[in-house]
There are 2 protein chains.
Amino acid sequence: MGIVARKEKQKQEIRSLILEESMKLFVEEGFSKVSVRKIAERIQYSPTTLYLYFKDKNEILFYCCESGFKKMLEQNITLGLISDPIERLHQMGVNYLNFGLENPEYYDLMFIQEAPMSALINMGAGWSSGDQALEALKIIVQDGMDKELLVPFKVETVAMAVWSMVHGLVSLAIRQRLDKLVPAEDVEKTMHESLDWLLKTMKKA
Amino acid sequence: MGIVARKEKQKQEIRSLILEESMKLFVEEGFSKVSVRKIAERIQYSPTTLYLYFKDKNEILFYCCESGFKKMLEQNITLGLISDPIERLHQMGVNYLNFGLENPEYYDLMFIQEAPMSALINMGAGWSSGDQALEALKIIVQDGMDKELLVPFKVETVAMAVWSMVHGLVSLAIRQRLDKLVPAEDVEKTMHESLDWLLKTMKKA
DNA sequence: TTTGAAAACTTAACACTGTTAATTAACTTT
DNA sequence: AAAGTTAATTAACAGTGTTAAGTTTTCAAA
């Protein structure tokens with residue numbers, strides 16, 4: 001059945017086209033400016049056609065997240081070389097901050113907006129590449145404790161703490177809340193200092 | 001000029017009415033469900049009337065934030081009794097987590113949404129009660145260092161780290177991202193453990 | 001090659017959203 | 001009472017996500 005396979009392929013191509021153009025749109029203009037009609041206009045289709053390929057707008061955003069996570073994981077391939085858990089964790093944090101600050105629209109979608117998560121709930125599926133990053137974090141923390149560089153504690157708890165901190169930094173920065181604490185031009189520098197402080201502090205004496 | 005004063009008072013009353021009803025609305029139905037028309041319907045005025053009292057919707061939300069901060073500060077009055085900086089900081093963190101989890105709609109507005117901040121930028125004014133809370137945090141951190149309970153570091157940096165962490169915890173929880181790390185029923189407990197871990201970790205040995 | 005069903009796509013419409021300009025109603029001052 | 005000022009409204013614009021109904025295209029069987 002070569003013909004049904006080809007049709008399936010075409011369908012997937014249009015799906016990809018929709019996702020690509022959606023991503024371009026919110027990288028260019030931010031999350032709030034992405035509308036079904038604007039996406040449709042870019043791919044030269046009627047707005048309602050999108051509903052033949054995706055359940056609703058949230059589902060489109062959900063799949064855009066996936067590609068965001070891939071982007072994020074790519075940034076972490078350099079990590080493979082670092083073996084010291086603390087240093088590795090530190091570099092992971094630095095990458096996280098940089099990703100957030102360089103791709104605020106992606107970050108917004110992946111971690112701040114609720115839309116993609118409500119799509120996730122309305123679907124059976126999980127969050128493949130999203131979970132992957134969290135697993136990596138847990139493994140490093142565990143490794144650090146095994147090598148007695150971190151004081152022993154429940155791994156999930158420490159992982160949650162570390163993730164929350166870097167997420168807190170990025171999300172407050174993106175939403176201009178850190179300007180209240182330090183001058184705007186010092187925000188990025190101070191964010192990195194905060195990360196340094198955390199790692200220095202949690203390191204076993 | 002008793003008459004002009006009375007008119008001014010009436011104007012302020014309607015302003016308050018708008019704000020009260022707006023707050024009720026998003027406590028009941030969440031931020032995204034608050035629309036100008038819904039507010040107007042509740043106070044039995046035409047939607048456009050709101051624009052005679054506020055520049056736009058963002059400005060309404062901005063003033064709702066103010067009342068959120070007041071609510072938050074109220075929760076902190078019990079803090080006055082605690083003199084030990086670490087314990088005080090800990091209780092402050094606990095209050096913060098509780099406020100976020102108990103008033104997710106308020107928290108959303110105050111720290112996650114960008115709308116109120118863009119209103120702030122379009123106004124000359126500052127963020128009176130918002131800044132106040134941050135000052136309190138800085139003072140405690142400074143106090144902890146003075147009393148040699150915390151290792152010396154740039155105060156803004158440590159304050160930013162602590163705030164980011166609790167904000168990260170709350171905002172990830174509100175957006176259902178922590179379910180990816182621990183089962184939903186353990187989220188709240190683990191959040192508090194993360195906070196405990198931070199304070200235990202940052203305490204000078 | 002023509003027919004007919006299935007798939008792909010579009011048009012029209014609904015019920016919303018924030019916001020502005022023009023218009024009417026109400027109250028104050030002369 | 002007439003004129004002027006303020007307050008509130010109606011009508012409208014341009015946009016949003018989404019659904020139902022109608023149209024066009026595709027493609028296998030007769």
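This short talk goes through the relation between two chains, the surroundings of a DNA strand, and one lysine.

Before anything else, please keep in mind that what we are looking at is a predicted model.

Let me begin with the two protein copies. Two copies of a chain are related by a rotation about an axis and a shift along it. Here, chain A is superposed on chain B by a rotation of 180° with 0.0 Å of shift along its axis, and the RMSD of that superposition is 0.0 Å. That is the relation of a two-fold axis, and the same surface serves both copies, in that 100% of the contact residues of chain A recur in chain B.

Turning now to the DNA, strand C is surrounded by 18 residues, and the closest of them are Ser46(A), Ser35(B), Val36(B), Asp56(B) and Lys57(B). The elements that contribute two or more residues to this surface are helix 1 (2–29) of chain A and helix 2 (36–42) of chain B. If we sort the surface near DNA strand C by class, we find seven nonpolar, five polar and six charged residues.

Finally, I would like to look at Lys203(B), which sits in the segment after helix 9 (187–202) of chain B. How exposed is Lys203(B)? Lys203(B) counts as partly exposed, because it has 16 C-beta neighbours inside 10 Å, whereas a buried residue would need 20 or more and an exposed one 12 or fewer. Leaving aside residues up to four places away in sequence, Lys203(B) touches Ile86(B) and Leu149(B). With Ile86(B), the separation is 117 residues in sequence, while the C-alpha to C-alpha distance in space is 7.5 Å.

Note on methods: Residues numbered from 1 in each chain as written. Chains lettered and ligands numbered in written order. Predicted model: local features only at pLDDT ≥ 70, side-chain atom pairs only at ≥ 80, totals over all residues. Helix = DSSP H or I, 4+ residues; strand = E, 2+ residues; numbered from the N terminus. Contact = placed C-beta atoms within 7 Å. Near = placed C-beta within 6 Å. Nonpolar A, V, L, I, M, F, W, Y, C, P; charged D, E, K, R; others polar. Least-squares fit on C-alpha atoms with pLDDT ≥ 70 in both.
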